[in-house]
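Please open the model in your viewer and keep the sequence panel beside it, so that each selection can be followed in both places. The tour begins with the chain as a whole and then moves from one selection to the next.

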Amino acid sequence: MAQTVEEIMTRDPRTVNGSDTVTDAARLMRDSDIGDVIVVDDGQVSGIVTDRDIVIRGVAEGRDPDSTEVSDVHTASVETIEPDASVDDAVSLMREKDIRRLPVAKNGRPVGIVSLGDLAVEREPDSALADISAASPDQ
């Protein structure tokens with residue numbers, strides 16, 4: 001069983017700048033088959049934007065995705081965790097803060113991301129969430 005966040009995180013997280021457009025973020029998500037990207041400012045984690053953020057805070061509000069900046073729809077108060085932290089620490093933080101995706105940062109720079117699915121695959125491999133998370137992406 002994995003002991004550290006680094007052992008279960010998804011490496012090489014996709015990132016955007018806060019000044020990038022919502023369209024840029026959505027295309028990156030589409031092309032990478034992911035539902036979130038980490039927002040950076042000068043290479044440091046400054047937030048996260050999810051496909052749901054784009055829909056709820058952007059599209060549903062009638063914002064033009066080609067001119068709306070990611071900083072207008074992202075979550076700025078984002079928690080991060082170091083790669084050498086324990087998996088138990090990640091579980092506790094995600095439970096305490098009620099978050100589904102946790103950016104992994106080393107000295108403030110994104111190096112990975114841990115999702116509920118990653119934790120399910122690691123801790124409850126026979127669960128429905130683990131099955132869904134481990135499945136190949138739909139194309």
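Before selecting anything, consider the chain's contacts between residues at least 6 apart in sequence: 55% of them join residues at least 24 apart. Please keep in mind throughout that this is a predicted model. Colour the chain by secondary structure, and you should find 6 helices and 6 strands, which follow one another along the sequence in the pattern α-β-β-α-β-β-α-α-β-β-α-α. The chain has 139 residues, of which 37% count as buried, and its accessible surface comes to about 8200 Å², with 43% of that belonging to carbon and sulfur atoms.

**Helix 2 and its surroundings**

Select helix 2, residues 22-32, and show the side chains of Val22, Thr23, Ala25 and Met29, which are buried. If you look down the axis of helix 2, its buried residues fall within an arc of 160°, so they line one face of the helix. Now add strand 2 (15-17), strand 3 (36-41), strand 4 (44-50) and helix 3 (51-58) to the selection, since the buried residues of helix 2 pack against these elements. Just after helix 2 comes aspartate 33, whose phi is positive, near 55°.

**Threonine 50 and helix 3**

Next, select threonine 50, which has its place in strand 4. Is threonine 50 buried or exposed? Its relative accessibility is 10%, and because the cut-off for buried is under 20%, threonine 50 counts as buried. Leaving aside residues up to four places away in sequence, threonine 50 touches Met29, Gly35, Asp36 and Arg101.

Move on to helix 3, where the buried residues are Asp53, Ile54 and Gly58. They cover an arc of only 100° around the axis, which puts them on the same side of helix 3. With helix 2 and strand 4 still displayed, you can see part of what covers these residues, for both elements are included in that cover.

**The nonpolar cores**

In soluble globular proteins, nonpolar side chains tend to be buried together. To see the largest nonpolar core here, which has 14 residues, begin with Val5, Ile8, Ile81, Leu102, Val104, Val114 and Leu119, the members that touch the most other members. Helix 1 (5-8), helix 4 (87-97) and strand 5 (101-106) each supply at least two residues of this core, and helix 4 gives the most, with 4 residues. Apart from this core lies another, of 10 residues, among them Ala25, Met29, Val49 and Val73.

Returning to the largest core, select valine 114 and display its contacts: beyond residues up to four places away in sequence, valine 114 touches Val5, Ile8, Met9, Met94, Arg100, Arg101, Leu102, Val104 and Leu119.

**Two loop residues with positive phi**

Most residues other than glycine have a negative phi. Select aspartate 12, in the loop between strand 1 (10-11) and strand 2, which has a positive phi of about 55° although it is not a glycine. At 55% relative accessibility, aspartate 12 counts as exposed.

As a last stop, go to asparagine 107, which lies in the loop between strand 5 and strand 6 (109-115). Asparagine 107 is not a glycine, yet it has a positive phi of about 55°, and at 64% relative accessibility it counts as exposed.

Notes
Residues numbered from 1 in each chain as written. Predicted model: local features only at pLDDT ≥ 70, side-chain atom pairs only at ≥ 80, totals over all residues. Heavy atoms only, no water. Buried < 20%, exposed > 50% of the residue type's maximum accessible area, 1.4 Å probe, protein only. Arc of directions from axis to C-beta. Contact = heavy atoms within 4.5 Å. Core = buried A, V, L, I, M, F, W, Y, C linked by side-chain atoms within 4.5 Å. Areas by Shrake-Rupley, 256 points an atom, 1.4 Å probe, with all protein chains shown as cover.
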